[in-house]
Amino acid sequence: KNHRVAKLRDIPKHADLAPGDTIITNGFSNIFPEGIALGTIADAELVPGTNYYDITVVLATDFSKLRYIYLIENKLKWERDSLESSAIDE
């Protein structure tokens, strides 16, 4: 509903976080490479009955002002997926 704000869900309860903290990608995802600043925490709410937070992040990028973007294909994604899948199966 708001291009300046995002919700991150299922953030483990043991994570040490506070409003104003910067969210940076860690490289554990197939979507984002490591070291990309996503934004800052505006609010963190512990989901009742779980061990997870839902956090509201004010995004570092104003998506309404983007004019050009680059889409980059990870040609080795299949290899990473295969390795992760085989590690889970073991």
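**A note on the pockets, core and two residues of this model**

1. The lining of the largest pocket splits into 15 nonpolar, five polar and four charged residues. Here Ala, Val, Leu, Ile, Met, Phe, Trp, Tyr, Cys and Pro count as nonpolar, Asp, Glu, Lys and Arg as charged, and the others, Gly among them, as polar.

2. A word on the basis: this is a predicted model, where local features need pLDDT of at least 70, side-chain atom pairs count only at pLDDT 80 or more, and totals for chains, interfaces and linings use all residues. Residues are numbered from 1 along each chain as its sequence is written, and side-chain values use heavy atoms, with hydrogens and water left out.

3. Back to the largest pocket (an open set of points on a 1 Å grid over the protein atoms alone, where a 1.4 Å probe fits, with protein on both sides within 12 Å along at least five of seven lines; lining residues have an atom within 4 Å of a point). Its lining has 24 residues, and Ile31, Phe32, Pro33, Ile36 and Leu38 lie nearest its centre. Strand E1 (5-12), strand E3 (37-46), E4 and helix H1 (77-89) each give two or more residues to that lining. Helices (H or I, at least four residues) and strands (E, at least two) are DSSP runs, numbered from the N terminus.

4. The second largest pocket has a lining of seven nonpolar, four polar and no charged residues. Among them are Leu8, Ile23, Phe28 and Leu38.

5. The largest nonpolar core (buried Ala, Val, Leu, Ile, Met, Phe, Trp, Tyr and Cys residues joined through side-chain atoms within 4.5 Å) is made of five residues: Ile23, Ile41, Tyr53, Ile55 and Val57. E4 gives the most to this core, three residues. Not counting residues up to four places away in sequence, isoleucine 55 touches, among others, Ile23 and Ile41; contact means heavy atoms within 4.5 Å.

6. Threonine 56 also sits in strand E4 (residues 52-59). Threonine 56 counts as buried because its relative accessibility is 14% (buried is under 20% relative accessible area, exposed over 50%, partly exposed in between; 1.4 Å probe, protein chains only). Leaving aside neighbours within four places in sequence, the contacts of threonine 56 include Val5, Lys7 and Asp43.

7. Do have a look at phenylalanine 63, in the loop between E4 and H1. With 47% relative accessibility, phenylalanine 63 counts as partly exposed. Phenylalanine 63 and arginine 4 are 59 residues apart in sequence, yet 7.2 Å apart in space, C-alpha to C-alpha.
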